[in-house]
Amino acid sequence: MEHDPPLVRDVLPALTAELVRLLEAEGERDLAICAYDLRMHGACGCADDFCQSIRTGTHVPGTLFGPDARGVHLLPDRGMINLDVLHGRIEYVEIIDRPDLRIPPSPAAPARDEG
């Protein structure tokens, strides 16, 4: 049985609130609405301490977005937040120097008895 990835607002509610606020301030009302329903498809995976970026779409990492893509650069009070948008959907949220927005660790899986 396949499950939908968790909503960003459930994992990082402060990020969702900040994205909505910043997008509305930039006049990006449609993206602000989309930001509320973003799904967490995974962390960036780069392992850099300064990076808290997350994948919020199904785009294949490491491939180009194509001609319909655009970047949205937001102006947070601290750090850096940029969005990769494709066909009106936020596919990637680049978050730099914001340790407060790091994805919380998931509970450890129970140890298996190798017996």
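**Exercise 1.** Classify Pro-6 in this predicted model as buried, partly exposed or exposed.

*Solution.* Start with the position: Pro-6 sits in the segment before α1 (8-11). Next, take the relative accessibility of Pro-6, which is 42%. Buried requires under 20% and exposed over 50%. Pro-6 is therefore partly exposed, because its relative accessibility is 42%.

**Exercise 2.** Find which residues Pro-6 touches, leaving out residues up to four places away in sequence.

*Solution.* The list is Val-11, Leu-38, Arg-39 and Met-40. A distance can be added for His-41: its C-alpha lies 7.8 Å from that of Pro-6, although 35 residues separate the two in sequence.

**Exercise 3.** Describe the order of helices and strands in the protein chain.

*Solution.* Count the elements: the chain has three helices and five strands. Then read along the sequence, which gives α-α-α-β-β-β-β-β. For contacts with a separation of 6 or more, 56% join residues 24 or more positions apart.

**Exercise 4.** State how much of the protein chain is buried and how much area it exposes.

*Solution.* The chain has 115 residues, and 34% of them count as buried. Its exposed area is about 7,600 Å², of which carbon and sulfur atoms supply 53%.

**Exercise 5.** Locate the largest nonpolar core and the elements that build it.

*Solution.* This core holds 22 residues, and those with the most contacts inside it are Leu-15, Leu-19, Leu-23, Leu-83, Ile-90 and Val-93. At least two core residues come from each of α2 (13-25), α3 (29-36), β3 (69-74), β4 (80-86) and β5. The element that gives the most is α2, with five residues. Now look at Val-93. Beyond four places in sequence, Val-93 touches Leu-19, Leu-38, Ser-53, Ile-54, Thr-56, Ile-81, Asn-82 and Leu-83.

**Exercise 6.** Determine what surrounds the charged residue Glu-91 and which residue carries the nearest side chain of opposite charge.

*Solution.* First, place the residue: Glu-91 belongs to strand β5 (residues 89-96). Second, check for a salt bridge. Glu-91 is buried, and the nearest side chain of opposite charge is that of Arg-89, 4.2 Å away. A salt bridge needs the two groups within 4 Å, so Glu-91 has none. Third, look for polar atoms: a polar atom of the Glu-91 side chain is 3.3 Å from the backbone nitrogen of Thr-58. Finally, list the contacts beyond four places in sequence. Glu-91 contacts Arg-55, Thr-56, Gly-57, Thr-58, His-59, Phe-65, Asp-84 and Leu-86.

Conventions:
Residues numbered from 1 in each chain as written. Predicted model: local features only at pLDDT ≥ 70, side-chain atom pairs only at ≥ 80, totals over all residues. Heavy atoms only, no water. Helix = DSSP H or I, 4+ residues; strand = E, 2+ residues; numbered from the N terminus. Buried < 20%, exposed > 50% of the residue type's maximum accessible area, 1.4 Å probe, protein only. Lys, Arg positive; Asp, Glu negative; His and termini not counted. Polar contact = N/O pair within 3.5 Å; in protein donor to acceptor, adjacent residues only side chain to side chain. Contact = heavy atoms within 4.5 Å. Areas by Shrake-Rupley, 256 points an atom, 1.4 Å probe, with all protein chains shown as cover. Core = buried A, V, L, I, M, F, W, Y, C linked by side-chain atoms within 4.5 Å.
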